[in-house]
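Reader: I should like to go through this model term by term. For each label, please give the value and the cut-off that justify it.

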Amino acid sequence: MKIHLPHFAALLPLLFAACNSILYTEEDRMRNNINDFASAYFNWQYKEALPFCTPESERWLRFAASNVTQEDVDLLRAQQEGASHKIDSINYDKGDTTATAYITVKNFLQADSIDTPAHMVKRARICIPLVLRNKKWLVKMEVPLQSEK
């Protein structure tokens with residue numbers, strides 16, 4: 001059987017998509033989304049965090065971005081390294097459409113309230129709610145993310 005290169009090239013995207021769904025489990029895809037979101041969010045890159053959130057979460061990202069002061073920017077720039085995180089656990093039931101991720105975030109700037117300067121937090125445990133939409137796990141912010149109390 002002779003395979004024509006243009007026909008084979010047309011099949012490559014389908015082949016990659018099929019391999020991706022086989023190679024990555026649902027939890028792998030969830031972890032990737034959480035990692036991408038947390039890297040952006042806790043380093044105050046709210047626009048970059050947006051694709052990993054539900055559309056209704058955008059208002060909370062806009063709220064956070066609208067409260068950044070020059071003092072906050074100066075404090076962020078003075079840091080030797082950015083915020084880092086580690087996923088501690090993800091709680092969900094197979095077949096469910098909601099999940100909760102618990103992560104530990106280190107060395108991040110946290111803004112607690114309007115008109116109050118942000119402050120550096122050495123370490124905090126954060127709870128991140130997730131929902132499954134269109135086969136993609138997205139962060140669902142109903143309030144700005146804060147440290148567990």
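**Strands and their pairing**

Author: Let us begin with a single bridge: I90 has A101 in strand 2 as its partner. Likewise, K86 is bridged to T104 of strand 2. The model is a predicted one, in which local features need pLDDT of at least 70 and side-chain atom pairs count only at pLDDT 80 or more, while totals for chains, interfaces and linings use all residues. Residues are numbered from 1 along each chain as its sequence is written, and side-chain values use heavy atoms, with hydrogens and water left out.

Reader: How do you know that strand 1 and strand 2 are paired?

Author: Two strands pair if DSSP finds at least two bridges between them. Strand 1 and strand 2 (residues 98–110) are joined by 7 bridges in the antiparallel sense, so they satisfy the criterion. The two strands also form a hairpin with 6 residues between them, and in its turn G95 has a positive phi of about 90°.

Reader: What makes strand 1 and strand 4 edge strands?

Author: The sheet is open, with 4 strands in the order 1-2-3-4 and antiparallel pairing. Strand 1 (84–91) and strand 4 (136–139) each have a single partner strand, so one side of each is left without a neighbour in the sheet. From one strand to the next, the twist averages 30°.

Reader: Which helix packs on the sheet, and which strands does that helix touch?

Author: Helix 2 does so, touching strand 1, strand 2, strand 3 (119–133) and strand 4. The direction of helix 2 makes about 145° with that of strand 1; axes are lines fitted to C-alpha atoms, for helices over the stretch in contact, and angles run from 0 to 180 degrees between N-to-C directions.

Reader: How many helices and strands does the protein chain have?

Author: There are 5 helices and 4 strands, in the pattern α-α-α-α-α-β-β-β-β along the sequence. Helices (H or I, at least four residues) and strands (E, at least two) are DSSP runs, numbered from the N terminus.

**Buried and exposed**

Reader: Why is N33 called buried?

Author: N33, a residue of helix 2, has a relative accessible area of 5%. Buried means under 20%, exposed over 50%, and partly exposed in between (1.4 Å probe, protein chains only), so N33 is buried. Apart from its neighbours within four places in sequence, N33 is in contact (heavy atoms within 4.5 Å) with F52, K136, W137, L138 and V139.

Reader: W44 and K135 both have positive phi values; are they buried or exposed?

Author: Phi of W44 is near 60°, and W44 lies in the loop between helix 2 and helix 3. At 14% relative accessible area, W44 is buried. K135, with a phi of about 65°, belongs to the loop between strand 3 and strand 4. At 78% relative accessibility, K135 counts as exposed. Neither W44 nor K135 is a glycine.

Reader: What places the buried residues of helix 4 on the same side?

Author: In helix 4 (residues 58–66), the residues W60, L61 and A64 are buried. They cover an arc of only 100° around the axis, which puts them on the same side of helix 4; the arc is that of the directions from the helix axis to the C-beta atoms. These buried residues pack against helix 2 (26–41) and helix 3 (46–49). The face turned away from the buried side carries the exposed residues R59, R62 and S66.

**Aromatic pairs**

Reader: Why is the pair of Y41 and F42 called edge-to-face?

Author: The structure holds 7 aromatic pairs. In this one, the rings of Y41 and F42 are 5.0 Å apart centre to centre, with 85° between the planes. Rings of Phe, Tyr and Trp (its six-membered ring) pair if their centres lie within 6.5 Å; planes under 30 degrees apart count as stacked, over 60 as edge-to-face and the rest as tilted. Both values therefore meet the cut-offs. Y41 is buried at 7% relative accessibility, and F42 is buried at 5%.

Reader: What makes W60 and F63 an edge-to-face pair?

Author: Their ring centres are 6.1 Å apart and their planes stand at 80°, so the pair is edge-to-face. W60 and F63 both lie in helix 4, 3 residues apart, about one turn of the helix. W60 is buried at 18% relative accessible area, whereas F63 counts as partly exposed at 35%.

Reader: Which residues do ring pairs link into a cluster?

Author: The cluster consists of F37, Y41, F42, W44, Y46 and F108.
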